[in-house]
Amino acid sequence: TGGGDLCPSATYSSGLRGYSSSRYSPHLRRSLPNMLHPNHPHHPHHIHNHDQPPKIYPAHLLFTTNYRLPNDVDRCHLERHLSDQDFEMVFRMSRMEFYRLPPWQRNDLKRRCHFF
């Protein structure tokens, strides 16, 4: 090689030989273990009962400025725990209108109303 030419790293180039996506184990690059309590609603083994509607709470308990949110609320969808009357009071629209909005607009609205 002439001056200034870079030679490939033996470790790098040999590491790519024989790489096959079919042999790649998804367990090699696993993220940190889930530290949530098994009864926490976001724990992957938590059993959600989708047959029952979410428990309803007064709006003042669900604002993200309340540092003691109820344990059984879905933190990503606090609006689901509002009564229809509170929902319309907070968001100034019906649930149907709200869920017709694109996700980015719903999230922006939830952020402005302290529900995100």
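Let's start in the middle: the largest nonpolar core of this predicted model has 15 residues. Leu62, Leu82, Phe91 and Phe115 are the ones with the most contacts inside this core. Two elements, α2 and α3, give two or more residues to the core, and α3 gives the most, with three.

Now step back for the overall layout. The protein chain has five helices and zero strands, so, by the DSSP-based naming used here, the elements read α-α-α-α-α from the N terminus on. Of its 116 residues, 21% count as buried. The chain exposes about 9,700 Å², and carbon and sulfur atoms supply 56% of that area. If you look at contacts with a separation of 6 or more, 37% of them join residues 24 or more positions apart.

Back to α3, which covers residues 84-91. Which of its residues are buried? They are Asp86, Phe87, Val90 and Phe91. Looking down the axis of α3, you'd see these buried residues fall within an arc of 110°, so they line one face of the helix. There's a simple rule behind patterns like that: an α-helix has 3.6 residues a turn, so residues three or four places apart point the same way. Turn to the face pointing away from the buried side and you meet the exposed residues Asp84, Gln85 and Met89. What covers the buried residues of α3? The cover includes α2 (59-62), α4 (95-100) and α5 (103-112). Just after α3 ends, arginine 92 takes a positive phi of about 60°.

Next, follow the rings. A search of the whole structure finds six aromatic pairs. One of them joins phenylalanine 87 and phenylalanine 91, with a tilted arrangement, 4.8 Å centre to centre and 45° between the planes. These two phenylalanines are four residues apart in helix α3, which puts about one helical turn between them. Both phenylalanine 87 and phenylalanine 91 are buried.

Phenylalanine 91 has another partner, phenylalanine 115, and that pair is tilted too: 5.6 Å centre to centre, with 55° between the planes. Phenylalanine 91 sits in α3 while phenylalanine 115 sits in the segment after α5, so the pair ties together parts that are 24 residues apart in sequence. Are these two rings buried or exposed? Phenylalanine 91 counts as buried because its relative accessibility is 3%, and phenylalanine 115 is buried with a relative accessible area of 0%. Ring pairs also draw in other residues, linking Phe63, Phe87, Phe91, Phe98, Tyr99 and Phe115 into a cluster.

It's worth seeing what else phenylalanine 115 touches. Setting aside neighbours within four places in sequence, its contacts include Ala59, Leu62 and Phe63, along with Leu78, Leu82, Val90 and Lys110. Glutamate 79 is also among the contacts of phenylalanine 115, and that residue makes a good last stop.

Where is glutamate 79 found? Look in the loop between α2 and α3. Glutamate 79 counts as buried because its relative accessibility is 2%. Its side chain makes a polar contact with the side chain of tyrosine 99, at 3.2 Å. Not counting residues up to four places away in sequence, glutamate 79 touches Phe87, Phe91, Arg95, Phe98, Tyr99, Lys110 and Phe115. Several of those names are familiar by now: Phe87, Phe91, Phe98, Tyr99 and Phe115 belong to the ring cluster.

Definitions and conventions. Residues are numbered from 1 along each chain as its sequence is written. This is a predicted model: local features need pLDDT of at least 70, side-chain atom pairs count only at pLDDT 80 or more; totals for chains, interfaces and linings use all residues. Side-chain values use heavy atoms; hydrogens and water are left out. Buried means under 20% relative accessible area, exposed over 50%, partly exposed in between (1.4 Å probe, protein chains only). The arc is that of the directions from the helix axis to the C-beta atoms. Contact means heavy atoms within 4.5 Å. A nonpolar core is a set of buried Ala, Val, Leu, Ile, Met, Phe, Trp, Tyr and Cys residues joined through side-chain atoms within 4.5 Å. Accessible areas come from the Shrake-Rupley method with a 1.4 Å probe; for residues, only the protein chains shown count as cover. Rings of Phe, Tyr and Trp (its six-membered ring) pair if their centres lie within 6.5 Å; planes under 30 degrees apart count as stacked, over 60 as edge-to-face and the rest as tilted. A polar contact is a pair of N or O atoms within 3.5 Å; within protein, one must be able to donate a hydrogen and the other to accept it, and residues adjacent in sequence count only if both atoms are side-chain atoms.
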